[in-house]
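I opened this notebook to record what I looked up in one structure, in the order in which I looked. The entries are brief and are meant for a reader who has not met the structure before.

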Amino acid sequence: MSRSLFIGDSHTVGYKTIEGKIGPGSFTFWNDNNYAVKYSEIHDKNIVIYAQPGATNNLYTTWLANMFSKYTLASVCYC
């Protein structure tokens with residue numbers, strides 16, 4: 001089964017800050033602003049997400065190699 005890979009940073013995992021908080025506990029992940037899940041719902045496609053808030057795009061080549069070795073990918077989306 002092929003999937004669409006979403007690779008990226010905070011927007012890929014639905015990152016949100018919590019107003020009035022600073023430091024640990026001042027943010028959440030996997031919220032309703034998650035680009036990958038929205039894409040999956042709109043297009044009825046299977047996805048895989050490899051992302052980390054604040055990640056540098058220098059890591060993406062390593063992440064891509066890992067995902068290509070694990071999954072059959074139909075597309076790759078950078079967020």
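The entries below go from the whole chain to single residues.

**Entry 1. The model and its overall layout**

I note at the outset that this is a predicted model. I looked up the secondary structure and found two helices and five strands in the protein chain. Read from the N terminus, the order of the elements is β-β-β-α-β-α-β. I then looked up the extent of the chain: along the principal axes, its C-alpha atoms fill a box of roughly 45 × 30 × 15 Å.

**Entry 2. Burial, surface and contacts of the chain**

The protein chain has 79 residues, of which 27% are buried. About 5,200 Å² of the chain is exposed, and carbon and sulfur atoms supply 52% of that area. I also looked up how far apart in sequence the contacting residues are. Of the contacts between residues at least 6 apart in sequence, 57% join residues at least 24 apart.

**Entry 3. The nonpolar core**

Which residues form the largest nonpolar core? I found nine: L5, I7, V48, A55, Y60, W63, L64, M67 and L73. Strand β1 and helix α2, which spans 60-70, each supply at least two residues of this core. The largest share, four residues, comes from α2.

I followed W63 further. Setting aside residues up to four places away in sequence, W63 touches I7, G8, Y50, A51, Q52 and A55. Both I7 and A55 are also listed in the core.

**Entry 4. S4 in the first strand**

I turned next to S4, which is part of strand β1, residues 2-8. Is S4 buried or exposed? Its relative accessibility is 2%, so S4 counts as buried. The side chain of S4 makes a polar contact of 2.8 Å with the side chain of S75. Beyond its neighbours within four places in sequence, S4 is in contact with Y39, K45, N46, I47, V48 and S75. Of these, V48 is listed in the nonpolar core as well.

**Entry 5. T12, a buried loop residue**

I looked up T12 and found it in the loop between β1 and β2. T12 has a relative accessible area of 0% and is therefore buried. Its contacts, apart from neighbours within four places in sequence, are F6, I7, W30, N34, Y35, A36, I49, A51 and C79.

**Entry 6. The loop between β3 and α1**

W30, one of the residues in contact with T12, has its place in the loop between β3 and α1. W30 has a relative accessible area of 53% and is exposed. I recorded a positive phi of about 60 degrees for W30, although this residue is not a glycine.

F29 lies in this loop too, between β3 (27-28) and α1 (35-43). With a relative accessible area of 35%, F29 is partly exposed. Together, F27, F29 and W30 make a nonpolar surface patch of about 310 Å².

**Entry 7. The salt bridge**

How many salt bridges does the structure hold? I found one. D32 forms a salt bridge with K16, and the closest N and O atoms are 2.8 Å apart. D32 lies in the loop between β3 and α1 and K16 in strand β2, residues 16-17, so the pair ties together parts that are 16 residues apart in sequence. As general background, side chains of opposite charge can pair when their charged atoms come close. I checked the accessibility of each partner. D32 is exposed, with a relative accessible area of 54%, whereas K16 counts as partly exposed at 34%.

**Entry 8. D44 and its backbone**

I noted a further positive phi, of about 50 degrees, at D44, which is not a glycine. D44 is found in the loop between α1 and β4, the latter spanning 47-51. At 72% relative accessibility, D44 counts as exposed.

**Entry 9. G20 and the distance to M1**

My last look was at G20, in the loop between β2 and β3. G20 is exposed, with a relative accessible area of 79%. I looked up the separation between G20 and M1, which are 19 residues apart along the chain, and their C-alpha atoms are separated by 43 Å.

How values were computed
Residues numbered from 1 in each chain as written. Predicted model: local features only at pLDDT ≥ 70, side-chain atom pairs only at ≥ 80, totals over all residues. Heavy atoms only, no water. Buried < 20%, exposed > 50% of the residue type's maximum accessible area, 1.4 Å probe, protein only. Polar contact = N/O pair within 3.5 Å; in protein donor to acceptor, adjacent residues only side chain to side chain. Contact = heavy atoms within 4.5 Å. Core = buried A, V, L, I, M, F, W, Y, C linked by side-chain atoms within 4.5 Å. Patch = residues over 30% accessible without salt bridge, like charges linked within 9 Å, V, L, I, M, F, W, Y side chains within 5 Å. Areas by Shrake-Rupley, 256 points an atom, 1.4 Å probe, with all protein chains shown as cover. Salt bridge = Lys/Arg side-chain N within 4 Å of Asp/Glu carboxyl O.
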